[in-house]
Amino acid sequence: MVRKANTGDISRLAEIEVFGKRVAYRPIFQDDNGSFNQLQVGNIMDEYRQNPSLLNRIWVYDDGIVKGLVGQKDYPDNHRTGEIELYCFYVEPFFKGQGIGSALLRHFCAEAQKRHKQTIYAWVLQKNTQARRFYERNGFAANGREGVVPGTTARNMCYVKKLGENG
C-alpha cells in the first residue's frame, strides 16, 4: 500500500498537494490569491518534472488510487545525522479518516529507523489544530520551538517524535 513515488505519480501528487493545502491552509491564511491563483497543480507538476530527484524523498499510499503522500528531508550536517524532517504530508481530502495518514506515518517512522534516525521533526501551523491532534495521537509532542511563516504572521510549531522500540 505504501511505496516510493515515481514519475507516473506526478499529476496525482500535485493534485493531492494543492487540494490538501487549500483545505488545510486557506482557513488559516485567508488568502484567496495564494490559494487559487498562485497554488496551481501545473506549477507543482512542473517542479517535479524539472527536479525528478524530489520523488526519491516521497512515499505514496496507493491501493489502486494514490490517496496520500509523505516526504522526508534529511539534515546534511554531521551533528544532526540522527534527525529527519517529515514534510509535504497530505492525504486527499476525500479519503481523510480512513487510516491513510496513520499508515503513511508508520511507514515513514519505519524507514527512518532503518536509516538509523532517532528523531523525527515536523513543523505544524499553530492554528492547524487537526494536524496537531493527529501528530499528538501518533507520539509527537511540541518541543517549544516556534517560528513565523515567512511573509505572514502565522506561527509554526515544531513537533518531535523520538524513535524507539515502538517507532
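Visitor: Which residues lie nearest the centre of the largest pocket?
Guide: This is a predicted model. The lining of the largest pocket has 47 residues, and the space inside is about 1,400 Å³. Those nearest the centre are Ala-24, Tyr-25, Phe-89, Tyr-90 and Asn-128.

Visitor: Which helix gives the largest share of the lining of the largest pocket?
Guide: Several elements supply at least two residues each, among them helix 2, strand 4 and helix 5. The largest share is ten residues, and the helix that gives it is helix 1.

Visitor: How many residues of that lining are charged?
Guide: The lining residues fall into three groups. Nonpolar residues number 22 and polar ones 15. The charged residues number ten.

Visitor: Is Arg-12 buried or exposed?
Guide: Arg-12 lies in helix 1, three residues from Glu-15, and the two form a salt bridge with N and O atoms 2.8 Å apart at the closest. The relative accessibility of Arg-12 is 18%. Buried means under 20%, so Arg-12 counts as buried.

Visitor: Which residue in the loop between strand 4 and helix 4 pairs with Arg-12?
Guide: Arg-12 has a salt bridge of 3.1 Å, N to O, to a glutamate. This pair links distant parts of the chain, 80 residues apart. The partner is buried, at 7% relative accessible area, and is Glu-92.

Visitor: What is the relative accessible area of Arg-155?
Guide: Arg-155 forms a salt bridge with Glu-146, their closest N and O atoms being 3.1 Å apart. Glu-146 is partly exposed, at 38%. Arg-155 is partly exposed too, with a relative accessible area of 34%.

Notes
Residues numbered from 1 in each chain as written. Predicted model: local features only at pLDDT ≥ 70, side-chain atom pairs only at ≥ 80, totals over all residues. Heavy atoms only, no water. 1 Å grid on protein atoms, 1.4 Å probe; cavity = no way out; pocket = protein on both sides within 12 Å on 5 of 7 lines; lining within 4 Å. Points joined across faces, edges and corners; volume = space filled by probe spheres on them. Helix = DSSP H or I, 4+ residues; strand = E, 2+ residues; numbered from the N terminus. Nonpolar A, V, L, I, M, F, W, Y, C, P; charged D, E, K, R; others polar. Salt bridge = Lys/Arg side-chain N within 4 Å of Asp/Glu carboxyl O. Buried < 20%, exposed > 50% of the residue type's maximum accessible area, 1.4 Å probe, protein only.
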